[in-house]
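Student: I'm new to this one and would love a guided tour. Could we go through it together, one question at a time?

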Amino acid sequence: MATIADSIKTHTKLEHADQRAVLTGTHFMNGDAAACEGALAAGARFAAGYPITPSTEIVERFASRAPQVGGLFIQMEDELAASITLQGMVWAGQKSFTSTSGPGFSLMMEHIGYAAMTETPCVFFNVQRGGPSTGLPTLPAQGDMMQARFGSHGDYSLIALVPNSPQECFWLAVKAFNLAEQFRVPVMVMMDECVGHMTEKVVIPKAEEIEIFPRRAPSKPPGEFLAYGEIGEDLVPEMASAGEGYKIYVTGMTHDKRGYPLGNAEAQRILVGRQFEKLRRAEAELTLIDEDHMDDADVAVVSYGITSRVAERAIQLARAKGIKVGRMRLQGVWPFPEKRFREVAQRIKAFVAPELNMGQVVLEVERCAGGHCRTIALPHAGGTVHRPLDILAAIEKGAQA
Amino acid sequence: MSTLTEIGVHNPVEDFLRMERIPSIWCPGCGIGTTVNSFVHALIKTHTDMKKLVMVSGIGCSGRVGGYIGTDHFHTTHGRAIPFATGLSLANTELNVVVYSGDGDLVSIGGNHLIHAARRNVNLLVICVNNMIYAMTGGQAAATTPAASMSSTTPYGAFEPDINIPQLVDAAGAVYVARWTAFHVKQLETSMAEALKKKGFRFIEVVTPCPTLYQRRNNMGDGLAAMKDYKDRSKIRNGAGTHEVAMLPGEQIIVGKFVDRERQDYLTLMRSRLGANFQEWVDAPPQVEHEEGEGCGEC
Ligand code: SF4
């Protein structure tokens, strides 16, 4: 997972992580700690946050680690502040992130939109807990999946990754920073309380085995460079930072190629259209699904995060009963890998989609199934995980369809 | 802005502006442009490196100032200019970060950030243009609208008192606090120049006319009438206690430099605690005990 797909159509050259910040070795750590180490390996030296269970360990660890590598953590007065302070850090030329959970994530929504509109590469870790409102502060849920995609107002698109183990928290954190730089979008890492708090073996490789996508530097000198105008085939603009003499103008308003506010329908069509299109074009590269036994499957179990580990048990039990069941574990949920789901829907009997919410990602699964196969939702209000036997029953139902 | 040029006189202020964006969006008689003139003269006076100067603003008429200055400019979300600027200032110590925004933005919706930024003492200069109203959205009452004033959302006069901003930021720990009006262009320029040279959290309030949306509803005449009013009503009292400078309708407007003190800024304090420089930390990490909070699980 260290490798970035070869399909990068850009002059940007991949780099390697800086060994001084990479905790190479075999560790026993929880998902929050591993996510923090992933951020450090990816090059993040600055972060802003506000404490909230069950995400706080990410920034607690970062507050201790960052000064050792020339950076810092700042605890802000609330999540409204944290979610934009980190963007100031990014425009100062650094890689930065914040971490939060449900109530804090709600407060961050406006600034996720700001990051999308200004094309600020940054990372938000959301360690999901039961909601709505204060909900279940210490217990798991996956109830913010639609919020991650649609929570800010207006039309935008972003990337959301979903790890299911501390080891994957490390790698998907690295990948989140890389994708943020590659596409200049905010990237959500949608953990859950179980994955954040479970402690497992985490192997961190040497820095030279960790590929880093650096900031897209301006190819033109000040005076010639347009802040939102130097756009390659992949529709992603180059990026200048503050203090480099480019006189950049960055605004959350609809803007032209110079970054200047331009309030009309045509400017809106061009800007929002390009911002959507840049991720749509990269669909193949952003299709991140861990599949198994999908060649002859009658039933596909679609799951992510902690739910995928419970589902794995159900898949084993179903196979022992002779049911042709395959695994589609989502490592990336947004943009939704539509094409792959449409293909699969043509030749299976049913998708079974357990998730720790009342039915969110399953709506996308059902949409892509388009009536070609059944979609069986397994909603759960959160607070604990599914029982494997309930998922098994749904698989059996799907196999009969 | 082009009149001087038209008669063949070069206005040095123009060199510091994005002239392709002039004329500005501001109304005739608005005081915001006057403050910009003082600000640019302060930049000239202090030989400020324009490459490292970064203007950050929120939303509102005054939030557009940064967009006319010829430097890097970040027009952020409503009320959040200060936290964005905090990120810039911490992550690149070479930057000279100035937040230039209005009272509604900085003191009403962004009030919490204002308090904590003053307390935190990150290197930031905040210039608050106080026109006493939410102007861009059509003249609604703000936390700075004087008691009993008419506004579109206080048609019977405001029932809330306005906030004494210098007292607020003084109490929170700002190292430099001044207030001037748009009438005091020279004093404002001097304050801006002093504040540009200082480190830590510095704050300047500039009381400015908004003839279109504040004065009209309150029968206060045009921009010129406001200037005359400022001239008549203001009293310069440098060093005045900030608890004495609340602005009461019809009474004296106390202006001046109220606070100018020394306190280690955030990064200097952090570095003095942690070691001489970042490189040393990279090569020889300090032995920091890693502690994780227990938490009661309710938050
Ligand atoms: S509405 Fe008021 S503050 Fe805004 S530009 Fe006009 S006069 Fe100035």
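Student: Which helix gives the largest share of the shell around the ligand?

Tutor: Keep in mind that this is a predicted model. The ligand is surrounded by residues of chain B, including Trp26(B), Cys27(B), Cys61(B), Pro211(B), Thr212(B) and Leu213(B). Three residues of that shell, its largest share, come from a helix spanning residues 211–215 of chain B, and this is α8.

Student: How many residues of the shell around the ligand are charged?

Tutor: Let's go through the classes one at a time. Nine residues of the shell are nonpolar and two are polar. Asn131(B) and Thr212(B) are among the residues around the ligand, and the number of charged residues in this shell is: none.

Student: Now the two chains. Which element of chain B supplies the largest share of the side that touches chain A?

Tutor: In total, 43 residues of chain B are in contact with 47 residues of chain A. On the chain B side, β2 (72–75), α3 (81–91), α5 (111–120), α10 (266–274) and α11 (278–283) each give at least two residues. By class, this side has 18 nonpolar, 17 polar and eight charged residues. The largest share, eight residues, comes from α3(B).

Student: Which residue of β2(B) stands opposite Val250(A)?

Tutor: Start with the strands: β12 of chain A, residues 249–251, is joined to β2(B) by three bridges. The two strands run parallel. Opposite Val250(A), in β2(B), you find Phe74(B).

Student: Which strands are the edge strands of the sheet?

Tutor: Follow the order of this open sheet of nine strands: β12(A)-β2(B)-β1(B)-β3(B)-β4(B)-β6(B)-β5(B)-β8(B)-β7(B). Its pairing is mixed, and neighbouring strands are turned by 20° against each other on average, direction ignored. An edge strand pairs on one side only, which here holds for β12 of chain A and β7 (234–236) of chain B.

Student: At about what angle does helix α6 of chain B run to β5(B)?

Tutor: Helix α6 covers residues 165–172 of chain B. The helix lies across β4 (124–130), β5 (176–181), β6 (201–207) and β8 (253–260) of that chain. Relative to β5(B), α6 runs at about 170°.

Student: Over in chain A, is α3(A) roughly parallel or oblique to α4(A)?

Tutor: Helix α3 (residues 79–91) and helix α4 (residues 102–118) of chain A have axes that come within 7 Å and cross at roughly 30°. Angles under 35 degrees count as roughly parallel. Therefore α3(A) is, relative to α4(A), roughly parallel.

Student: How many charged residues are in the contact of α3(A) with α4(A)?

Tutor: The α3(A) side has Glu79(A), Leu80(A), Ser83(A), Ile84(A) and Gln87(A), while α4(A) brings residues including Leu107(A), Met108(A) and His111(A). Six residues of this contact are nonpolar and four are polar. The number of charged residues is one.

Student: Is the crossing of α10(A) and α11(A) left-handed or right-handed?

Tutor: The axes of α10 (residues 338–347) and α11 (residues 361–369) of chain A come within 8 Å and cross at roughly 55°, so α10(A) is oblique to α11(A). Among the residues making the contact are Phe341(A) and Ala345(A) of α10(A) and Val365(A) of α11(A). The crossing is right-handed.

How values were computed
Residues are numbered from 1 along each chain as its sequence is written. Chains are lettered from A and ligands numbered from 1 in the order in which they are written. This is a predicted model: local features need pLDDT of at least 70, side-chain atom pairs count only at pLDDT 80 or more; totals for chains, interfaces and linings use all residues. Axes are lines fitted to C-alpha atoms, for helices over the stretch in contact, and angles run from 0 to 180 degrees between N-to-C directions. Helices (H or I, at least four residues) and strands (E, at least two) are DSSP runs, numbered from the N terminus. Angles under 35 degrees count as roughly parallel, over 145 as roughly antiparallel, 65 to 115 as roughly perpendicular and the rest as oblique. A crossing is left-handed if the near helix is turned anticlockwise from the far one by less than a right angle, and right-handed if clockwise. Two residues are in contact if their C-beta atoms, placed from the backbone, lie within 7 Å. Ala, Val, Leu, Ile, Met, Phe, Trp, Tyr, Cys and Pro count as nonpolar, Asp, Glu, Lys and Arg as charged, and the others, Gly among them, as polar. Two strands pair if DSSP finds at least two bridges between them. A residue is near a molecule or strand if its C-beta atom, placed from the backbone, lies within 6 Å of it.
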